[in-house]
Amino acid sequence: QVQLVESGGGLVQPGESLRLSCAASGSAFSTYTVGWYRQAPGKQREFVAGISSGGNTNYIDSVKGRFTISRDSAKNTVYLQMNSLKPEDTAVYYCNALRIIVGVSSVYWGQGTQVTVSS
């Protein structure tokens, strides 16, 4: 079992930065692929960024060059550094942990943290 707790959201102005944290409790978090997703009002949840257990990262095009995902295995935490924020980044951001072993998937979600970008 893995429990995920997001933090770091808030209200910022366009162009400012935030760093989201996804803190995990439970065993073997470093073996999970972790993703950040977001859901804006009236829209479907979408993938934003992901990091594998080996440290490989990927991003949706709209955040490339602005967002950086990283992980600190010693702290069991994954971060999403968000720079040059735009109003369209406004959403609830969720952390997701995924692991597949011998065809069996384990998937966990956090409760989400609100990010609002507005002047």
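## Loop residues with positive phi

N76 is partly exposed, its relative accessible area being 21%, a value that falls in the class between buried, under 20%, and exposed, over 50%. In this predicted model, N76 sits in the loop that lies between β7 (67–72) and β8 (77–82). The backbone of N76 has a phi near 55 degrees, which is a positive value in a residue other than glycine.

A positive phi is also found at S84, where the angle is about 50 degrees although the residue is not a glycine. S84 belongs to the loop between β8 and β9 (91–101), and with a relative accessible area of 39% S84 is likewise partly exposed.

## Overall fold

The secondary structure of the chain consists of 11 strands and zero helices, and reading along the sequence gives the pattern β-β-β-β-β-β-β-β-β-β-β. The radius of gyration is 14 Å, close to the 14 Å that the globule rule gives for 119 residues, so the chain is as compact as a globular protein of that length. Along its principal axes, the C-alpha trace spans about 45 × 30 × 25 Å.

Of the 119 residues of the chain, 40% count as buried. Among the contacts with a separation of 6 or more, 54% are accounted for by residues 24 or more positions apart.

## Strand β1 and its partner

Strand β1, which covers residues 2–7, has two faces: V2, L4 and E6 make up the covered face, while Q3, V5 and S7 make up the uncovered one. Strand β3 (residues 18–26) pairs with β1 in the antiparallel sense, over six bridges. Within this pairing, V5 of the uncovered face has A23 in β3 as its bridge partner.

## The hairpins of β4, β5 and β6

Strand β4 (residues 33–39) and strand β5 (residues 46–51) run antiparallel and are joined by five bridges, with I51 in β5 serving as the bridge partner of V34. The two strands form a hairpin with six residues between them, and in its turn G42 has a positive phi of about 75 degrees.

Strand β5 also pairs with strand β6 (residues 57–59), again in the antiparallel sense and over three bridges; here the bridge partner of G50 is N58 in β6. This second pairing is a hairpin as well, with five residues between β5 and β6, and G55 in the turn has a positive phi of about 95 degrees.

## A buried serine between β5 and β6

S52 is placed in the loop between β5 and β6. Is this serine buried or exposed? With a relative accessible area of 18%, S52 is buried, because the value lies under the 20% that sets the limit for that class. Leaving aside neighbours within four places in sequence, S52 is in contact with Y32, T33 and R71; of these partners, T33 falls within the residue range of β4 (33–39), and R71 within that of β7 (67–72).

## Surface and charge

The accessible surface of the chain comes to about 6200 Å², and carbon and sulfur atoms contribute 48% of that area. The chain carries 10 positive and 7 negative charges, and the mean positions of the two sets are 5 Å apart.

Methods
Residues are numbered from 1 along each chain as its sequence is written. This is a predicted model: local features need pLDDT of at least 70, side-chain atom pairs count only at pLDDT 80 or more; totals for chains, interfaces and linings use all residues. Side-chain values use heavy atoms; hydrogens and water are left out. Helices (H or I, at least four residues) and strands (E, at least two) are DSSP runs, numbered from the N terminus. The radius of gyration is taken over C-alpha atoms; the globule rule is 2.2 Å times the number of residues to the power 0.38. Buried means under 20% relative accessible area, exposed over 50%, partly exposed in between (1.4 Å probe, protein chains only). Contact means heavy atoms within 4.5 Å. Accessible areas come from the Shrake-Rupley method with a 1.4 Å probe; for residues, only the protein chains shown count as cover. Lys and Arg count as positive and Asp and Glu as negative; His and the chain ends are not counted. The place of a charge is taken as NZ of Lys, CZ of Arg, CG of Asp or CD of Glu. Two strands pair if DSSP finds at least two bridges between them.
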